[in-house]
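Q: Got a minute to go through this protein with me? I'd like to start with the surface.
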Amino acid sequence: MNIQPPTSTSLPRVISVREFPAYTEPIIRYIQSKWSSVPALIYRDCIENSLNTASPLPQWYVLEKDNQLIGCAGLVSNDFISRMDLMPWLCALYVEEEHRCNGYASLLLEKARTDAYRAGYEQLYLSTGHIGFYEKKGYTYLGQGYHPWGEESRIYGRSAEMDRLIPLILHKTPPLPPQRLHKTFTMRNEQPDEFPEIYAFIRTAFETAAVKDGDEQDFISRLRDSENYLPRLAWVAHKQQELVGHLMLTRTDVKYADQPILRSLTVAALSVKLFYRNKGVGTALMEEGLRQAYTEGYSAIFLCGDPAYYYRFGFKPISSYGITNTGTVPPPYVLACELIPGILTGKEETGTVCF
């Protein structure tokens, strides 16, 4: 049977070369263009022989967007590293520079991690010279390793046991697929042709909200036109054909005078139709937002809202983290939730956000 991958969309997708062998030659050429110092025959021999083996390793992945390859990764038994006692290894992770800082690397990381765990491996390893990137993705520094060409790299690992604990931290249940039946309603990413309906929906929903300023629907529209809008972090919930809920997360920064900006998100708005409140719609949307934000490597989430409602998701006043708001929203209603425990605390200076 000739199985074809999904048709291209404006959002990237991770494609397994083993599942779609038509990508064999493209990934060989792509990887060789990024690591030209490695003889092409090595990648060709490894990738071609990975297609029909009974072994779960190796696996190779491409990241495709608008019919163009924009990234790649591999899952192998060893990544030219001295620690032969450890496996499997993530290798050849790459995202084109113009597509970075969009969470696309996390898509490749998540695919490799999932395949490793499904194959029965309890730990996934990688070697790198980077400091600070993989820590945000849930990996722990384990020590140094050594390469045949005389250089050394940092070794990181991420365990299945830690990932089993993440749902306990981030509210109980595993991640949702792109569209999932959640009891009596479905959830998926919003689509452009729905924007007028969503605009009217948000305006009506906030008429009966406990905390509001009256222009939430316009605020959402402005955000979609900004660089902070992330379509994959905006969801709608439907009961049959009826729109019953909406959530959007957008980029925001915590700024420090003498420290790097902290990459975070804001809950731009959570809206639930009045009749469907207290029926799990808002909870399901928020839990999926928290999980997806964690998966993509964001450090924290901020929002303006009713503390009595958002405390259940782990949100606390930003003053609890030594952060101040430079905007006009009253302090009790500006809240934050750490996705990486301790990321907002223990700073030597006060961070700022603007709401």
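Q: Which residues make the nonpolar surface patch?
A: Ile 42, Phe 80 and Trp 149 make it, and the patch covers about 300 Å². Keep in mind that this is a predicted model.

Q: Where is Phe 80 found?
A: Phe 80 sits in the loop between strand 3 (68-76) and strand 4 (89-95).

Q: And is Phe 80 buried, exposed or partly exposed?
A: Phe 80 is partly exposed, because its relative accessible area is 36%.

Q: OK, new topic. How many disulfides does the structure hold?
A: Zero. Take Cys 46, which is in no disulfide: the nearest cysteine sulfur belongs to Cys 91 and is 7.3 Å away. A pair of sulfurs has to be within 2.5 Å to count, so Cys 46 doesn't make the cut.

Q: What about accessibility, how do Cys 46 and Cys 101 come out?
A: Cys 46 has 26% relative accessibility, so it counts as partly exposed. Cys 101 is exposed, with a relative accessible area of 62%.

Q: Switching again: which strand is Leu 335 in?
A: Leu 335 is in strand 16, residues 334-338.

Q: Buried or exposed, that Leu 335?
A: Buried, because its relative accessible area is 0%.

Q: What is Leu 335 in contact with, skipping its neighbours within four places in sequence?
A: Its contacts include Ile 301, Phe 302, Tyr 310, Phe 315 and Pro 317.

Q: How many residues apart are Leu 335 and Ile 301 in sequence?
A: They're 34 residues apart in sequence, and 8.4 Å apart in space, going C-alpha to C-alpha.

Conventions
Residues numbered from 1 in each chain as written. Predicted model: local features only at pLDDT ≥ 70, side-chain atom pairs only at ≥ 80, totals over all residues. Heavy atoms only, no water. Buried < 20%, exposed > 50% of the residue type's maximum accessible area, 1.4 Å probe, protein only. Patch = residues over 30% accessible without salt bridge, like charges linked within 9 Å, V, L, I, M, F, W, Y side chains within 5 Å. Areas by Shrake-Rupley, 256 points an atom, 1.4 Å probe, with all protein chains shown as cover. Salt bridge = Lys/Arg side-chain N within 4 Å of Asp/Glu carboxyl O. Helix = DSSP H or I, 4+ residues; strand = E, 2+ residues; numbered from the N terminus. Contact = heavy atoms within 4.5 Å.
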